[in-house]
Structure formats: C-alpha cells, structure tokens
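Trainee: I would like to take a close look at one small part of this model, and then see how other parts compare in their description. Could you take me through it with care?

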Amino acid sequence: MGQYTIGIAGNPNCGKTTTFNALTGARQHVANWPGVTVEKKTGTMKLGTDSLEIVDLPGTYSLTAYTQEELVARNFLVEERPEAVIDVVNADALERNLYLAVQIMELGVPLVLGLNMMDEVRTSGKKIDSKKLAELSGCRVVETIARDSKGTDALLEEALALAKEKKGLWSPLNISYGPDLNPVLDEMEKLIEAEQFLTDKVPARWVGIKYLEKDKDVIDKGHLANSKISIQLEEIAVKIAKHTQMTLKASPDALIADYRYGFIAGMIKDVVSYPVLDADRISRSDKMDKVLTHTFLGPLIMLGIIYVIYQITFTVGEIPMGWLESLFGWLGDTATNALPDGLLRSLIVSGIIDGVGGVLGFVPLIMFMFLMISALEDSGYIARMAYMLDRVFKIFGLHGTSVLPFIVSGGIAGGCAVPGVMATRTLRSPNEKLATIFVAPYMTCGAKVPVFLMLCSAFFPENAPTIMLLITLGAWAMALIVARVLRSTIIKGAATPFVMELPPYRMPTLRGVLIHTWERTWEYAKKAGTIILGISILIWAMMTFPQLPEERVASYEAQRAPITEQIEALGEGGSEEVLAALEDKIADIDNTESEEAIRNTLAGSIGTAMEPVSLLAGFNWRTNIALTGGFAAKEVIVSTLGTAYSMGEVDTEDTDPLSEKLVADPMFTTASAIALIIFTMLYAPCFVTVVAMARESSWTWAAYSVVGSTGLAFVLSVAAYQIASAFI
Amino acid sequence: MNNSICLRNAKVNQKLKILTVNAEGELGRRIRDMGLIPGTEVHVIGKAPLKDPVALRLRDFTLTLRNSEADNITVTPQED
C-alpha cells in the first residue's frame, strides 16, 4: 500500500515511448518540464494495492549537461529520487544502449533493464543471455517486445519489487577509470565526503567524475554549495587534465568514455553471441537504404513522399474541415437568428463563433498531418530525410529535418503554418529549431493564396500563374536567407552536431501513431478554448469599437428611409427592375456606412494614423485595416479590404469585383500591389501560428518573430514600392 | 604502420578502425557517447546524395556524421 514513482529512461528510438504507452495506456498526462519546452509525460496506475506514478524521461544517449533533455533526465533522477528506474534498452544495439545504463548505475538509482526489441535480436541471428547480463551488471533484467506489449507488465512488476526492496537506498556502481584517473578520483572522493559536498543528493565519486568531465551544471551547483571545495576540485581536474593530455594525448572526459565502453565491452562479450557468424549479411534495413537514400533515387522518392503527405493532408483533411466549417456556419446562422441585432450578437457570431470556429477548423489538418508524420518518424524515414537534405540546409544554418515544417507550412502553396510550426518538434537541435520556427510562416499558406490570387488577377491578369510561382519561390528564398541571417546573428553558434542515429526501418504501430496524433491534436484544440478565444475577442473589439456616433447612424437611416418607403409604396405591383435598382441603392448606402464604421473603429484609427508611414510602401488606410485584420487570419485581408472599399462582404472564392475596385483606385497602383504581395508574404503570422510558435519555443521568441518579420516585411515592401514606382 | 587517414576521406564500403578522436566540448562528448572511441571498428555504409553526411555502421547500429565532424576523427583502413 505505498506510493511509488518509477522513471522510464532510454535512448531515442529504443522503444521507450512504446513501453510507456504499453504500461499506461490512455492514462497519460502530458505537460512540459518546468522552465523548458521538453515534454513531460506521466501516467498513474494501480498495481495490486500500490499506486504508481510512471514518468517518461526524455530520450537521451547520455547524462551530460549539454542538452536540455539530458539535464531534465538527470535532474529528475537526482532531485526527485524515483524509487526505481526502468532503462529501456534496444537489445539489438546493446553495447551503445548500455552506455546510458552504466551512467544511471554510477548514480546508484535502483535500476531495471528492459531488454526491448528482442524480436529484432532474434531475426538478426544474435543471441543475448539476459541471465548473464543480470549477473554481470547487478541489475534485474527483463526481456520485452514493447510493440506487442510482451514482457512490459513483468518489467513493471520487477521495478516495483526492486523499489520495495531498496526502500530508496542508492547503491552506486564504481567503474575503474584506469591508473591515471583512479587515484585522482579517490582523492576527490575523500575531500567530497569529508566536507559533505553535494552528497545529500548524489554519490561522492559521481561528483568527482562530473568535475573531471567539466560538467557545467554540477560545477555551478557546487559553487553555490561551497565555492572553496568547488575551486579545489576544479584545480585537481585541471591538473590531471594537463597530465593526461601530455602522457596519453587525451582529456579526462575522453578517458572516462573509453573506460565506460571498456567496462561495457567486458560485460557484453559474455552476453551477446553471434551463432550465425555472417558479418557481411546485409540487413533488410541496409538493403532498403540502398534504394531509399540512393544518390538519384533517394531524393526523387523523398519528393514523392513529401508530395503524398501534402496531398493527403490537404485533400483528405479538407473534407472534415468542410464539415466543421458548415457546423460553425450553422452555429453562426442559428445565433444570428436567435439573437436580436446588436453588439451581443456581433460578439457571439463574429467574435466567438467565427474566431474559435476558424481555429478548430484546422483540427483535421493537424490530425492528418500528425498521423503521417508520426508514422514516418516511427518508421525511421524522417532520419533519412534529414540525412539526405542536411548538406543543403546546413548552408543556411538549418538542419536536414527543417524541410518538413517548410513544406507543411506552404512550401508547396496551400499549406498551413500552424501544423508546420508544430512539426518542428521533430528537430532535435535547439538553434536550428528556433530559426525554422521563425521563418516557416513565410511560406504561402492556404489563407494567403486568395490574397495573392486576387492581387494577381487584378494587376497581372496576363501572368498570374507565373507570378504565383515567383511568390512561392520567393517565400523559399526569403525563409532560407532570413534563417541564414538569424543563425549568424541572434541565434549564432556552431551547428548542433549532426551525430545522429539512423534507426532500422520499422513498421509503425497503429496504437503508437494514434496516441501521438491524439496528444498533438488535443493540445492544439485546448488552446482554442483559452488563449485563442481571448485574442479573437480582442481583434473583434478592435474592429468594432468605437462605433459610429449616433447622428451618423441616424443620417444613414435617413438616407435609407425614403427608399424603403418607395419600395413599400410599390408593394407587390412594382416591376422587378425598379425594385432591384432600389435595393441596390440601399445596399450601396449600407456599404458606405460599413466603410465609415470600420474607419471609425480602433483598427480604422490605427490604419488611418499609420497612413503617412505606410504610404511609403503604397498602402492606404484601407490596406492598413485589412492587414491588421490579417493578424486574425490571412484570408481576412480580402474580406476586410472589401468592407473598407465599401463593397460589403467579399467572398474569398470570388474576388473579381474587389480586383476591379482596386485597379480603379488611383492610389492603389501596380507598385502597391507588388509591395502588398511582399508584405503579406512576410509580415506577422496569424495569431494562431503565433500561439503555436510560443508553444514550441517561448513567448519571447514568438514576439521576436512578430516584430522582426513585420519590420522586415515593411522595409522590403517600401523598397519594392519605391523601385517599382520608379519603373512602372 | 603509417596508413592513418581522416574519416572524411574514407570510401563507401571501407572497413576502418578508429585511431584518434580530437574533438572537445559538446561535439567530442556526442561523438564519444555514441561509441566512436579509439579502437572501435566502423564500416562506411553510405554517403548522402551530396556526399555529406556519411553513414557509419558500428556496434550493431548506424550513425550519421557530417564531414566537418568526421574531420576530427582519424582512422586506419582494415584488411578484410
């Protein structure tokens, strides 16, 4: 009848998440580790009379302080002292997987090894003696095939039994680090123990090893605890480093890695055997790579796969998206009919239903995209994409995996930046990920397409397809150039090492893919109810208040009154033509009123106040209002321009009347159109994207992106307008 | 025996033994964590379409490295 916390550690691609899913099923809770964007998954369950909290640690190869994931995993072990840890090990690559296990053993946390993927071991013709491994490592060992839920229950039972037996007692493993480091470690250990330096949390020898490894996190904590000892330990470390450099041409941390691998090699030579000794046997995975990463075929197949993902997401996803649109359309109509005309109706219909509906409309897209990306990632193909494209993206300071967010965001015109930004999660390199998040929204998303199409058909009717192609290519060029600039300025720093595992190809499991997709989709949908609802109401208010003064409304009423009387006077007997002409007159008055009303609102005042500046880029106040509205969703640019040009509601599917109106406006020239295209391509992403960006990075970074991209958009559109005006 | 070459210059399908790893800091750590340490036998199994990165097989798994990272590693070709 106890409470136990059990951590699950393991390398990336070892089946850790599959094990976690097999153990906890749907009883999961996803959050972030405090202060970082690393995901924390926990599941609670009962085993007999005991309640267990199972914590999925980030996948890591090691427990150093270089990546957020490793720090999070290590600090969890040290600070929260779970009663037991399960290390899920890919038994097919046992040697490398044990490198993490050995580091956990050096800490001393009670450890159970889950030898996963035993099916792959058997098909590869290898034999693993797990009893021998248990004997040599001193850990309990359980064989599992997590994707079939085989052995996972036994694994958990072992962990619980171990937790009960150890009762929170840690028994650290001591590895010999050779004749040079051992005496130094002994000396450090004595000093640390005498002063009780950090030993309330971690073993003394482990602290010594971390000082030899120059582990920044431990040294910083040591300084805070007792700077005198810390400095003493650092001096010892520097001295021995000089010595080993001179005699062995190796730094202490290199020696430590050598000895750890030596220790592992000693263990596994009696554990792993190859009865079918056929070293040249090419595995199925290697055969597939001969084609899938082939010099010519590889990139072609990759293009094909990207195209298929894109097509399925946006054609199949379109269908449920249409249902959701109809649902929210129906809700809007129902509310319109049920409520009296007025502010409340406007708030509910335009502010809440349209806003939240627009956001929830993306849910099917996100679902389909994550279904496919999860399947591709679980299959091992995403790693191959990164491998093939890295050379190109490296030039721009990005990572091979950046291609996916770009494509989904609209690298092929018509995507959507929201799932695009969410797809950056497959990027393991922090700087590269930030740059990708920043520039991915430049791509031509589906909501920008009507804006571009309208401008093209208005100003370049002869060359519309060419211009659309140029826009798509321009977006790619800008994204890559800006990424390069970012990576050599604000997020400077050497490329994150590309040392990456190419996991063998595996058939993704339906369960794994579904759980992953569900998590992402739910996480997104939750936002719609909270922050997005708030922003949506805010934008609605900006475009509604202040309202027209009463005397202006009365004056429009007065203009309409005689016409309405005329219509009533004609009654049933009036000719259709005369009636239609009169109704048109009323519509004209309505539209003029809407134009004045929107100009009078806060958004209108901002647009008008900005006009002197925005005219540098050829944008009048009407364009400014439309661009402000575009922050809600880019297609709003078209409908708001319609209102501002007193055309009433403009259907985004049929923009011809608006195009004609724009061409007729002497203030809106071809140069303005070019500038507007450039501005729309680059300026602040819609707020749903901004929320997604903040979720994947931080609010600061999302704010940088909004301000930086809008600034860049303005500078470039001014330049384009000035140059174009001079020539056209 | 003086036939040490830089890993960048290794050819596809070549079998090699690592002689030295001269990287420090994060890169060095990552390289070593993955088991690229002196004495390890590696097999170059492929290069990306633009000849960078390179894919290596060692310790029963496959690893990719950029050429700029492979520059820090010297190897000696193994006779079959």
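Trainee: Does R59(B) count as buried or exposed, and how many C-beta neighbours inside 10 Å does R59(B) have?

Mentor: Bear in mind throughout that this is a predicted model. R59(B) counts as buried, because R59(B) has 21 C-beta neighbours inside 10 Å and the cut-off for a buried residue is 20 or more. The residue sits in the loop that runs between β4 and β5 (61-65) of chain B, and its phi is near 45 degrees, a positive value in a residue other than glycine. On the other side of β4 (54-58), the loop between β3 (41-47) and β4 of chain B holds P53(B), and the peptide bond that joins D52(B) to P53(B) is cis, with omega at about -5 degrees.

Chain A offers a counterpart to each of these backbone features. Q196(A) has a positive phi near 55 degrees and is likewise a residue other than glycine, and Q196(A) is placed in the loop between α7 (178-195) and α8 (204-212) of chain A. Q196(A), however, counts as exposed, because 12 C-beta neighbours lie inside 10 Å and the exposed class takes in residues with 12 or fewer. A cis peptide bond is found in chain A between F545(A) and P546(A), where omega is about -15 degrees, and P546(A) belongs to the loop between α24 (531-542) and α25 (550-570).

As for the setting of the chain A features, that chain has 33 helices and 10 strands, and 46% of its 728 residues count as buried. The domain assignment gives domain 1 (3-166), domain 2 (178-259) and domain 3 (547-600) of chain A. Between domain 1 and domain 2 of chain A, whose C-alpha centres lie 28 Å apart, seven residues of domain 1 are in contact with eight residues of domain 2. On the domain 1 side of that contact, α2 (68-80) and α3 (94-107) of chain A each supply at least two residues, and the residues of this side divide into four nonpolar, two polar and one charged.

A helix pair of chain A can be read in a similar way: α32 (residues 687-696) and α33 (residues 699-727) pack with their axes 7 Å apart and at an angle of about 140 degrees, which makes α32(A) oblique to α33(A). In their contact, V690(A), M693(A) and A694(A) of α32(A) meet residues of α33(A) including W699(A) and W701(A), and by class this contact has seven nonpolar, one polar and no charged residues.

Definitions and conventions:
Residues are numbered from 1 along each chain as its sequence is written. Chains are lettered from A and ligands numbered from 1 in the order in which they are written. This is a predicted model: local features need pLDDT of at least 70, side-chain atom pairs count only at pLDDT 80 or more; totals for chains, interfaces and linings use all residues. Helices (H or I, at least four residues) and strands (E, at least two) are DSSP runs, numbered from the N terminus. Domain bounds come from an automatic or database domain assignment. Two residues are in contact if their C-beta atoms, placed from the backbone, lie within 7 Å. Ala, Val, Leu, Ile, Met, Phe, Trp, Tyr, Cys and Pro count as nonpolar, Asp, Glu, Lys and Arg as charged, and the others, Gly among them, as polar. Axes are lines fitted to C-alpha atoms, for helices over the stretch in contact, and angles run from 0 to 180 degrees between N-to-C directions. Angles under 35 degrees count as roughly parallel, over 145 as roughly antiparallel, 65 to 115 as roughly perpendicular and the rest as oblique.
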